[in-house]
Amino acid sequence: MANDRVTLAHGAGGKVSQELMEQVILPAYGNPVLNTLHDGALVKMSGEVAFTTDSYVVQPLFFAGGNIGKLAICGTVNDLAMTGAVPRYISVGMIIEEGFPIKDLQTIVTTMRKMADEAGVVIATGDTKVVEKGKADGIFINTAGIGDKIPGTDISPLNVKPGMKVILSGYIGDHAAAIMAGRHNINLPASVQTDCAPLNKMTKAMLEAAPDIAVLRDPTRGGVAAVLNEIAVASKCGILIDEDDIPIHPEVQGVCDMLGFDPLYLANEGKCVAFVPAESAEKVLKAMRTSPYGQEARIIGEVTAEAPGTVGLRTGIGGIRVVDMPLGNIVPRIC
Amino acid sequence: MKEKLTKAEEREFAQELVQKIGELAATTGRKLRFMEVCGTHTVAIFRAGLRQMLPETVELVSGPGCPVCVTPDDYMDKAIAYAQRDDVIIATFGDMLKVPGSKSSLNEAKTGGADIRIVYSPMDSIAIAKDNPDKKVIFLAVGFETTAPTAAATVLAAEQQGITNLFMLSAQKLVPPVMEVLLNDEEVHVDGFILPGHVSVVTGTGVYKPVIEKYHVPGVVTGFEPVQILRGLYRLVQQVVKGEAKVENEYTDVVKPEGNPVSMAITNKVYEPCDTGWRGMGVVPLSGLKMRDEYARFDIEEVLPVEVETITKKTACRCGEVLRGIVTPKECPLFGKACVPTHAIGPCMVSVEGVCAAWYKYGQGRFAYGK
């Protein structure tokens with residue numbers, strides 16, 4: 001393109017906008033639904049529809065293992081997946097700050113297409129706006145998504161009952177650690193990367209193996225601690241987890257120790273917490289391990305009748321303490 | 001070198017220690033009370049659920065180990081008064097923002113337009129001073145022996161770089177003098193001290209000896225792993241049973257008897273002991289640090305004295321007593337009701353290392369899990 005930075009003209013809807021569309025957006029996203037370039041997309045759905053939206057404002061925009069585009073696709077795909085749906089179509093709205101490098105935009109949209117392909121979703125419609133320098137932080141992305149609810153499933157905290165097992169799909173805190181390392185210029189081993197990933201194929205396998213799964217949640221902002229507390233309150237049950245069973249990479253624990261964080265509260269972008277009847281737990285674990293994102297899946301605790309509304313943790317040395325609801329954003333602008 | 005224990009071995013070892021501590025403590029025929037005087041220990045103890053694991057005969061009580069919590073109202077009032085000046089930028093650790101003074105807090109001053117910057121190290125305030133040559137940058141130097149060397153090093157760096165617009169508002173505190181105050185306090189009953197790990201890394205173990213021997217109360221320096229704390233507790237019980245009172249070191253990997261002479265030398269070059277006020281304990285002789293005459297030009301109270309009228313409000317907040325280990329947070333009428341981490345009234349709830357915050361966060365005081 002003539003200009004290597006996004007200008008206000010790129011968002012003005014005229015010829016220059018069209019250039020951005022033809023040279024950057026369509027080459028990345030292009031598909032039969034989008035290519036019609038109508039005001040909106042017309043799509044066919046099979047029955048009950050899941051619908052979600054989320055906005056992405058992460059800083060830094062590029063971090064170990066990913067970028068804001070990867071988050072924007074995976075985040076919405078996962079939100080749909082956690083409702084027990086098969087994600088189908090996604091919309092992408094971008095608010096770009098004047099002066100944003102076209103090259104970075106290309107990297108972001110290319111990543112988005114790649115993640116959409118992996119998840120098996122179609123970018124069906126979109127919008128691009130440009131705002132004056134200083135009015136946005138590089139780029140903000142909003143994605144909305146719709147999906148077909150998998151028939152016969154019923155995801156609701158009200159289905160959580162004492163005796164159910166709590167399953168976690170893998171190592172926690174990686175995403176937040178990667179972001180914090182990027183922000184504070186902390187050198188981490190290359191192994192610490194965002195865990196950002198589309199989980200819809202894994203959750204589909206889980207639900208096919210065990211349609212009686214009570215709850216699926218992705219522990220993003222607020223981490224595993226927030227998810228467990230929300231479910232404990234909503235289900236009026238207690239939850240007791242075992243510290244020794246929660247997988248944390250030593251490097252992530254190291255960053256936490258350095259910055260005074262607890263990994264249980266750190267955001268994840270490619271993890272899933274499931275509440276399943278005890279008799280289905282093994283089936284669910286087996287289904288999870290068929291996915292590259294569920295290789296480390298394990299039972300971390302169970303639902304209890306005692307201490308309703310509360311999350312307890314059996315500590316490494318055998319004590320018990322409470323895992324409280326996080327108070328606020330410990331690391332802002334994480335996704 | 002001992003090999004690292006597996007998690008299962010660690011749990012077994014911890015349970016063995018708990019049992020030994022209980023059996024030995026029972027031979028004294030009374031309940032033993034040990035105090036930790038370090039906020040990091042407080043948090044480590046709660047995080048591990050240690051208190052609930054201990055036998056009936058041993059009780060842990062938290063002391064004045066959180067630097068933010070022990071900072072008195074008048075210091076906060078001064079900081080706020082400086083913050084409200086147009087020619088001042090305050091640089092501070094984030095915890096200080098919410099600590100109440102007698103009338104308001106730094107947070108309120110910030111909302112009102114005061115320029116207050118959160119830093120992660122005192123050294124960060126040097127960059128702020130360089131970027132704002134027309135402003136006086138004041139770092140709120142709060143902390144124990146652990147942080148004093150960094151504050152002192154910052155002063156030395158500012159001197160070396162010819163920076164003339166960086167100042168300290170000092171409330172540095174020393175641990176041994178306040179231990180003496182606690183031991184002289186008739187309301188405080190302590191059978192021994194879990195001595196702070198980080199402070200001891202800097203000071204070494206010798207600094208506690210005079211007070212430990214004078215009051216014949218055992219002390220053990222420990223690390224922050226639950227098993228290290230339990231080993232320290234076992235040693236404390238052993239000393240009590242034998243009628244001994246000495247300083248022992250359970251953290252030998254990290255804490256040397258002589259401490260860190262380089263750090264101590266930096267502190268001593270810039271600072272000298274002075275009397276200072278502690279929340280809930282009043283002025284404690286020689287328990288603080290002030291800048292020596294040669295560095296008085298970095299002391300904002302010398303350069304630009306400020307008068308504040310501190311009339312401590314009478315509230316139901318019992319932080320002063322909580323800090324001395326006389327009452328537990330549960331006995332404060334505000335705890336968990338009017339005073340919670342999101343709406344903290346007392347400083348012990350404000351700081352993450354505060355006793356009330358730890359009680360609240362890790363659940364004790366609200367309920368015991370499963371009971």
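So, α8 and α13 in chain B: these two helices pass each other in a left-handed crossing. This is a predicted model, by the way, so keep that in mind throughout. The two helices pack at an angle of about 60°, and their axes are 8 Å apart. That angle makes α8(B) oblique to α13(B). If you want to find the contact on screen, look on the α8(B) side for B:A148, B:P149, B:A152, B:A153, B:V155 and B:L156. What they meet in α13(B) is B:S263, B:I266, B:T267, B:K269 and B:V270.

Now stay with α8(B), because there's a sheet to look at as well. Helix α8, residues 148–160 of chain B, lies across four strands, β5, β6, β10 and β11. Relative to β6(B), the helix runs at about 160°. And α8(B) has company: helix α9, residues 175–184 of chain B, lies across β6, β10 and β11. For α9(B) the angle is about 175°, this time taken against β11(B).

OK, so what's the strand order in that sheet? Reading across chain B, you go β4-β3-β5-β6-β11-β10. That's an open sheet of 6 strands, and the pairing is mixed. Which strands sit at the edges? Those are β4, at 116–118, and β10, at 271–278, and each of them pairs on one side only. On average, neighbouring strands here are turned by 25° against each other, if you ignore direction.

Let me zoom in on one pair from that sheet. Strand β5, residues 136–143 of chain B, and strand β6, residues 166–173, pair in the parallel sense over 7 bridges. If you'd like one spot to click on, take B:I138, whose bridge partner in β6(B) is B:F167. Quick reminder for anyone who doesn't stare at sheets all day: strands of a sheet pair through backbone hydrogen bonds, and they do so either parallel or antiparallel.

Chain B has another open sheet to show you, this one with 5 strands. Its order is β2-β1-β7-β8-β9, and the pairing is parallel. At the edges stand β2, 58–62, and β9, 247–249; each has a single partner strand, so one side of each is left without a neighbour in the sheet. The average turn between neighbouring strands in this sheet is 25°, direction ignored. Within it, β1, residues 32–36 of chain B, pairs with β2(B) in the parallel sense over 5 bridges. Look for B:R33 there, which stands opposite B:E59 in β2(B).

Right, over to chain A. It's divided into three stretches: domain 1 covers 1–44, domain 2 covers 47–149, and domain 3 covers 157–322. How far apart are the centres of domain 1 and domain 3 of chain A? Taken over C-alpha atoms, 39 Å.

UniProt has annotations on this chain too, from an unreviewed entry. The record lists "domain: PurM-like N-terminal" for residues 39–147 of chain A. In the model, that span is 30% helix and 40% strand, and its end C-alpha atoms lie 20 Å apart. The record also gives "domain: PurM-like C-terminal", again as an unreviewed entry, for residues 161–311 of chain A. That span comes out at 34% helix and 16% strand, with 14 Å between its end C-alpha atoms.

There's a helix pair in chain A worth pulling up. Helix α5, residues 174–184, packs with helix α8, residues 250–259, at an angle of about 55°, with the axes 10 Å apart. That makes α5(A) oblique to α8(A). The crossing of α5(A) and α8(A) is left-handed. The α5(A) side of the contact is A:D174, A:A177, A:M180 and A:H184, and the α8(A) side is A:V252, A:V255 and A:L259.

Last, two backbone details in chain A. Where's the cis peptide bond? It joins A:Q59 and A:P60, with omega at about 0°. A:P60 sits in the loop between β1 (49–56) and β2 (62–63) of chain A. Then there's A:K236, which has phi near 55°, a positive value in a residue other than glycine. You'll find A:K236 in the loop between α7 (223–235) and β9 (238–242) of chain A.

Terms used. Residues numbered from 1 in each chain as written. Chains lettered and ligands numbered in written order. Predicted model: local features only at pLDDT ≥ 70, side-chain atom pairs only at ≥ 80, totals over all residues. Heavy atoms only, no water. Domains from an automatic or database assignment. UniProt positions renumbered as here; feature names shortened; annotations may be inferred. Pairing = 2+ DSSP bridges. Axes fitted to C-alpha atoms, helices over the stretch in contact; angles between N-to-C directions. Parallel < 35°, antiparallel > 145°, perpendicular 65-115°, else oblique. Left-handed = near helix turned anticlockwise from the far one by under 90°. Contact = heavy atoms within 4.5 Å.
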